[in-house]
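Let's take a walk through this protein, starting with a pair of strands and working outwards. Have a look at the fold before reading on.

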Amino acid sequence: MEEVSIIGIDLAKRSFQVHGARADGAVAYRKKLSRGKLLRFLASQPECTVAMEACASAHHWGREIAALGHEVRLVPPIYVKPFVKRSKNDAADAEVITEAAQRPTMHFVAVKSEAQQAQAMLFHTRDLLVRQRTRTINALRGHLAEYGVVAPQGRARIGQLAGVLEDGDCGLPKEVVALGRLLLGRVDELDGKIDGLDRKIRTSARECEETVRLMTIPGVGPITALAVQAFAPPMESFRRGRDFSAWLGLVPRQHTTGGKPRLGGMSKMGQRDLRRLLFTGAMAVVRQASRSREITDPWLDGMLARKPKKAGRGGARQQDGADGLGGGHEKGGLSGSHRRLSRRRKERSCRKMRAAGRRNE
C-alpha cells in the first residue's frame, strides 16, 4: 500500500469511509471500515494528518487518533460544503474532507479534552432544564388564561398563579386545579435541579486557577468564566484579540460589493451563547459606570436609556437571568440600525400614501 500524507474520514455510527491521499493530492486508497476496525487500521498507517468534520463524536475520535501519533485536523462542516461536487455519498464526503483540510488558509477546530466536554455538557444540561421550565410556566399561564386567570410574564410572577390554585374558592374545575398543581410541582422540581447546577458551576469556577483569573475581569462572573474555559479553544491559538472577537462572531461592518452588509456587525457563526454572556456582563459594567457618572457619553446614555425589546421574535426571552444560558436573544438591543431602517421604511410608505391621496383628489 502506498504511503499517504493525509487521511480523510467520514464519521458515522457504525461504518466509516476512509480516503487516503498522497502528498501531490492523488488518491492512494478508498476504504470502508467498521467501528471496531478503524483504530486498528490507523495504527498500522505511518504518522500523517487525519482530517475529519467537527461533528458529533469528532472530539472523541480526535483524542483516540492523536494518541496513535497522528496529527488531527477537525474542519468545520460549513467549510467542507463548498468542496462537494456532485453525487454526495460517504466516499465523496471523505474525499472533500481531505481536500478541505489541505487548504493553506483553512481554519480548524481544536480538539477538546474530556474535561472541557464535561463542562460543556454541564452548560447544555442547564440550558435544557431552563427551556423546559420556561415551557412549563408558559403552558400553565396559557391554560389558566382560558379560565380568566391572567398573570404577568416572568418566573417571579408564578406565585400569583400558585395562589389562585391554592385558593379553595377560585371557581376553577377540580381537574384544572389538579393539573395546574402538577405543572407547579414540575416547575419546583426544575428549579431545584437548576439551582443545583448553578452551585456546581460556581464551585467548579472557584477551583480552577484560570477561571479565577477570568473572574477578575469586570463583568465576568463564574458562569461566564467557566463558559469561556468550556467552549473556547486555547487562547494560545489566537494571534491577537481581534481573532478571538472574530471567533465569537463579532465582525466589522461590511462596505464591500461582495454581499449584503451586516447591520449589527454580528456574524451568524461563532459561539452565540458565550458571545451573549460576554455582552451581558459588559453592558452590566457599563450601566453601573454610567449610573455612577464614571462614563459621560451622550451616545452611550441614549443606548442605555432604550427600553428592552418585548419577548417574542427577535426579542429577549424570559425565565432566565443575566448570567444564564437559556434566556436573552443574541441580537436584542445591540444596534439601532434595525430601528433606523424600519423608521425610514415607515416614512417612505407614508409619503406614498399621501401622494396617492392627492392623486385621488
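Which residue in β4 does Ile-6 stand opposite? It's Thr-49. Before going further, a word on the model: this is a predicted one, where local features need pLDDT of at least 70, side-chain atom pairs count only at pLDDT 80 or more, and totals for chains, interfaces and linings use all residues. Residues are numbered from 1 along each chain as its sequence is written, and side-chain values use heavy atoms, with hydrogens and water left out.

**The strands around β4**

Strand β4 has a partner in β1 and another in β5; pairing here takes at least two DSSP bridges between two strands.

| Pair | Residues | Bridges | Direction |
|---|---|---|---|
| β1 and β4 | 6-10 (β1) | four bridges | parallel |
| β4 and β5 | 71-75 (β5) | five bridges | parallel |

On the β5 side, Val-50 stands opposite Val-72. Strand β4 itself covers residues 49-53, and four of its five residues are buried, so the rest of the structure largely encloses it. Buried means under 20% relative accessible area, exposed over 50%, and partly exposed in between, with a 1.4 Å probe and protein chains only. Add helix α2 (residues 58-66) between β4 and β5 and you get a right-handed β-α-β unit; right-handed means that, with the strands pointing away from the viewer, the path from the first strand over the helix to the second runs clockwise.

**Helix α7**

Helix α7 takes in residues 174-207, 34 of them. Its end C-alpha atoms are 50 Å apart, which agrees with the 50 Å it should span at 1.5 Å a residue (1.5 Å times one less than the number of residues). Its buried residues include Val-176, Leu-184, Asp-191 and Asp-198. Among the elements covering the buried residues of α7 are α5 (114-145) and α9 (222-231).

**Asp-93**

Over in helix α4 (residues 90-101) sits Asp-93. Asp-93 is buried, at a relative accessible area of 12%. Leaving aside residues up to four places away in sequence, it touches Asp-10 and Lys-88, where contact means heavy atoms within 4.5 Å.

**The whole chain**

All told, the protein has 13 helices and five strands, taken as DSSP runs (H or I, at least four residues, for helices; E, at least two, for strands). Of its 361 residues, 34% count as buried. The average pLDDT is 79, and 79% of the residues score at least 70; pLDDT is the predictor's confidence in each residue, from 0 to 100. Over residues 311-335 the pLDDT is below 50, and this stretch has 65 contacts in the model beyond near neighbours in sequence.
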